[in-house]
Amino acid sequence: MNWLDDDKLAEAMQLVPLCEAFVKGVKSAVKAKLEEDPEAVPGYKLRDGGKMTTYEAKEVANIVMEANVIGWDDLLEHM
C-alpha cells in the first residue's frame, strides 16, 4: 500500500481528526492514572515536569502488532 497515492492520502486525511481526538483522550487518561498511582499503567511513567509520559518503544510496537491493525512491513515503510 502506497500512502503517497492521492486517493490513499485523502482517505487517511479523513481519519486524522478522529485519530487526534483518540490520542488526546488516551494521553489524558494515562496521565490522570499515573498522577494517582505511578505504577498504574505498566511501561509508562510521568516525566519530571509531569506533563509528558514516556514509554518503552518496544512494548508499544508489540501492542500495535498484537492489535493486528498494521503489519511490520507497513509500519517500517512509513517510519
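Does Val26 count as buried, partly exposed or exposed, and what is its relative accessibility? In this predicted model, Val26 has 37% relative accessibility and therefore counts as partly exposed. Buried means under 20% relative accessible area and exposed means over 50%, so a value of 37% falls in between. Val26 is placed in helix α1. Together with Phe22 and Val23, Val26 makes a nonpolar surface patch. The area of this patch is about 270 Å².

The overall architecture can be set out briefly. The protein contains three helices and two strands. Along the sequence, these elements follow the pattern α-β-β-α-α. A helix thus opens the pattern, two strands follow, and two helices close the order. Helix α1 covers residues 6–36. The protein has 79 residues, of which 9% are buried. Its exposed surface amounts to about 6,900 Å². Carbon and sulfur atoms supply 58% of that surface. Among contacts with a separation of 6 or more, 7% join residues 24 or more positions apart.

Charged residues also mark the surface. Asp5, Asp6, Asp7 and Glu11 form a negative patch there. One of these residues, Asp6, lies in helix α1. The relative accessibility of Asp6 is 65%, so Asp6 counts as exposed. The cut-off for exposed is over 50%, and the value for Asp6 therefore meets it.

A further charged feature involves Lys31. The structure holds one salt bridge. Its partners are Lys31 and Glu35. The closest N and O atoms of this pair are 4.0 Å apart. Lys31 and Glu35 are four residues apart in helix α1, so about one helical turn separates them. Lys31 has a relative accessibility of 27% and therefore counts as partly exposed. This value is neither under 20% nor over 50%, which means that Lys31 falls between buried and exposed. Lys31 can also be placed relative to another lysine, Lys45. These two residues are 14 residues apart along the chain. Their C-alpha atoms are separated by 8.4 Å.

Several of these features come together in helix α1. Val26 of the nonpolar patch is found in this helix. Asp6 of the negative patch lies there as well. Lys31, a partner in the salt bridge, is also located in helix α1.

How values were computed: Residues are numbered from 1 along each chain as its sequence is written. This is a predicted model: local features need pLDDT of at least 70, side-chain atom pairs count only at pLDDT 80 or more; totals for chains, interfaces and linings use all residues. Side-chain values use heavy atoms; hydrogens and water are left out. Patches are made of residues with over 30% relative accessible area and no salt bridge: like charges are joined within 9 Å, nonpolar side chains (Val, Leu, Ile, Met, Phe, Trp, Tyr) within 5 Å. Accessible areas come from the Shrake-Rupley method with a 1.4 Å probe; for residues, only the protein chains shown count as cover. A salt bridge is a side-chain nitrogen of Lys or Arg within 4 Å of a carboxyl oxygen of Asp or Glu. Lys and Arg count as positive and Asp and Glu as negative; His and the chain ends are not counted. The place of a charge is taken as NZ of Lys, CZ of Arg, CG of Asp or CD of Glu. Buried means under 20% relative accessible area, exposed over 50%, partly exposed in between (1.4 Å probe, protein chains only). Contact means heavy atoms within 4.5 Å.
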